[in-house]
Amino acid sequence: MLAKYQIVLTAACELGEGPVWDDALHRLLWVDIPKGTIHEWYPGTRLHNVTTFPVKIGAIAIAVDGRLIAATYSGFAVVDLRDQSINPLTDPEAHLPNNRFNDGKCDPKGRFWAGTMDVTTGKRYAGNLYMLDENGCAHTKIKNVTCSNGLAWSLDQKTMYYIDTPTRQVVAFDFDSSLGVISNRKVVIAVPPIDGLPDGMTIDQEGMLWIALWGGWKIARWNPYTGEKLAEINLPVSQVTSCTFGGADLNDLYITSAKIGLTGDKLTSQPLAGSLFVIKNMPVGGLVHDRWNGGLSSTIIG
Amino acid sequence: MKPDNDWQVVHPTRCTWGDGLVWHRENNSVLWVNRMDGSIHEWCTQTNRYNITRLMVKIDAISLAENGGLVAATSSGFALVNLKNASVILLGNPQAQSFNNRFNKGNCDPMGRFWAGRSDEIHGKERAGNLYMLHADAKITAKLKKITRLGGFVWSIDQKTFYHIDNCGRCVLAFRFDKVKATLSNKRIAVDIPHTEGLPDGMTIDQEGMLWIALRGGWKLARWNPKTGRKLAEIILPVSLVTSCTFGGQNLSDLYVTSARAGLKETDLAQQPDAGSLFVIENMACGGIEPYKYAGDCFLM
């Protein structure tokens with residue numbers, strides 16, 4: 001059976017999300033959404049940097065020039081942790097004040113995909129999934145989603161996997177990597193209610209999906225070709241939000257969690273809620289994170 | 001006596017202009033600002049956690065507030081800052097019409113009022129600045145007028161003397177301080193600082209009442225006796241622009257020092273790659289005192 005989890009940072013986040021491994025600087029990046037903070041964890045030196053911005057941030061990815069692309073409550077923005085600058089690019093939902101960005105990730109061609117949800121009233125089907133191209137333009141790719149979440153691309157780059165949390169499903173689209181076009185939607189995994197709600201996800205070197213299970217106290221590995229659950233790893237927190245592979249050999253599985261919304265007994269029964277966890281030396285590792293292709297042109301940054 | 005050059009770089013992050021150090025006992029952390037970009041930095045000594053909070057205004061100086069937040073001298077005047085959500089509440093901007101003026105150093109007095117000096121940093125116009133005091137009720141009063149360039153300031157251990165650095169006069173001035181009325185009187189020169197030492201900038205006081213002064217351009221800190229005007233010791237650092245210092249650590253015996261890299265050329269930076277870093281000299285023979293906190297806790301944060 002798989003190795004047990006380790007606690008990297010205890011209860012560091014209100015709503016930890018969107019972990020990204022930076023293979024150049026050997027650090028894990030992730031966000032604490034409601035606090036507008038970006039966390040950096042350097043496993044080599046055990047340094048933990050926390051940068052807080054005056055805007056809430058739903059997801060980040062690394063750009064090819066070393067900066068970050070962020071999906072914030074005020075649209076897409078370029079963030080530089082070296083000088084803590086944040087430069088807005090475009091806000092496709094400036095007209096929808098109840099919506100905010102949630103999870104996001106880069107596709108194999110370096111476009112940044114991120115989706116929204118209505119956090120203010122919780123209205124269903126109010127969000128959208130966008131693709132930000134290398135010129136800083138946002139394109140609507142999927143309409144009428146409720147809680148846009150995990151994204152992953154298959155190893156052959158021909159399939160995009162996507163989670164809209166309340167559907168309890170992972171759907172697959174045919175993905176045209178040269179054009180960034182998705183088509184032919186089909187359900188590939190149905191997550192049973194007892195496992196919790198599917199949240200963030202990552203793909204491993206065998207093409208299997210690791211899915212964080214909100215309310216499920218665990219992460220689990222699914223085969224998207226058969227819809228079969230292959231393995232699960234229990235955690236000491238209920239609200240497991242996302243996971244990604246990191247470390248020098250990309251075989252350490254980092255897992256984020258949340259304590260938001262937990263009060264009273266629910267919080268005291270899981271003092272580790274909000275922690276960052278790691279399971280080292282997984283038998284099957286992950287892939288290098290794709291980087292956002294934009295950000296080099298001065299016209300984008302303005 | 002420990003060796004004087006036993007400094008360490010605390011963290012690899014470097015500020016363009018680090019300044020405004022304060023020790024936060026409850027968090028076991030040291031806080032400081034980067035004056036160039038509106039960020040507040042915090043190094044938690046127990047957890048290795050480094051927080052950077054980016055705010056909407058530029059911050060020149062900070063002190064702790066009784067309500068758990070910070071009081072700050074910013075590009076938009078006095079403000080309360082809550083690091084938990086990066087919020088800034090502006091309290092009033094003296095000399096708002098003087099665009100060349102900005103704050104430099106700030107510090108709280110023993111009665112919980114926050115003082116900060118403001119002067120012309122763009123053109124260096126003479127006698128264009130004032131030293132302001134922010135009362136607990138957020139009223140603002142000018143305490144010293146028509147000053148050219150005011151550096152760091154502290155209160156003596158017995159709280160009866162106010163020391164401030166006059167950058168231009170290259171000296172430390174001493175005033176009799178009435179802590180109830182917050183008045184300054186009987187000005188005298190306490191320490192003359194020769195040009196060869198560098199430009200005196202930030203300052204802190206130790207438990208023996210001696211002044212530790214950051215010497216910009218001087219590659220060092222030095223300890224002076226304000227009663228005799230004599231220099232007692234110095235600590236050489238690997239950076240030229242030493243900007244401020246304060247005591248921290250559980251026993252207040254670790255001396256933290258900020259530095260700057262603004263204005264340094266590529267060739268300078270090659271010689272001093274650590275410019276902009278926070279330094280610490282641990283286990284000083286004589287430690288410091290706890291910073292006073294701003295008493296204005298009546299504001300909702």
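This is a short talk on the empty spaces in a predicted model, plus one sheet in chain B.

Okay, confidence to start with. Chain A has an average pLDDT of 94, and 96% of its residues score at least 70. The part to watch is residues 298-302 of chain A, where pLDDT drops below 50. That stretch has 9 contacts in the model beyond near neighbours in sequence, but where pLDDT is low, the predicted coordinates should not be read in detail.

Now the holes. How many cavities of 30 Å³ or more turn up in the whole structure? The search gives 1, with a volume of about 430 Å³. There are 31 residues lining that cavity, and the ones closest to its centre are B:Leu21, B:Asn107, B:Met203, B:Thr204 and B:Thr246. A run of chain B strands feeds the lining: S2, S6, S10, S14, S18 and S22 each give two or more residues. By class, the cavity lining splits into 16 nonpolar, 11 polar and 4 charged.

Hang on to S22, since S22 turns up again in an open sheet of chain B. The strand order there is S1-S24-S23-S22, with antiparallel pairing. S1 and S22 sit at the edges with a single partner strand each, so one side of each has no neighbour in the sheet. On average, neighbouring strands are turned by 25 degrees against each other, ignoring direction. Inside the sheet, S23, residues 254-259, and S24, residues 279-281, are joined by 3 bridges; B:Leu255, for instance, has B:Ile281 as its bridge partner in S24.

On to the pockets. The largest one holds about 650 Å³ of space, and 30 residues line it, with B:Asn27, B:Glu42, B:Asn51, B:Leu83 and B:Lys84 closest to the centre. Which strands supply at least two residues each to that lining? From chain A you get S4 and S5, and from chain B S4, S5 and S8. The largest share, 3 residues, comes from S5 of chain B. The class split is 10 nonpolar, 13 polar and 7 charged.

The second largest pocket has a volume of about 510 Å³. Its lining has 20 residues, and nearest the centre are A:Glu40, A:Tyr42, A:Leu81, A:Arg82 and B:Thr13. S4 and S5 of chain A each put in at least two residues, and S5 of chain A gives the most, with 3. This lining comes out as 7 nonpolar, 5 polar and 8 charged.

That's my tour, thanks.

Note on methods
Residues numbered from 1 in each chain as written. Chains lettered and ligands numbered in written order. Predicted model: local features only at pLDDT ≥ 70, side-chain atom pairs only at ≥ 80, totals over all residues. Heavy atoms only, no water. pLDDT = per-residue confidence, 0-100. Contact = heavy atoms within 4.5 Å. 1 Å grid on protein atoms, 1.4 Å probe; cavity = no way out; pocket = protein on both sides within 12 Å on 5 of 7 lines; lining within 4 Å. Points joined across faces, edges and corners; volume = space filled by probe spheres on them. Helix = DSSP H or I, 4+ residues; strand = E, 2+ residues; numbered from the N terminus. Nonpolar A, V, L, I, M, F, W, Y, C, P; charged D, E, K, R; others polar. Pairing = 2+ DSSP bridges. Axes fitted to C-alpha atoms, helices over the stretch in contact; angles between N-to-C directions.
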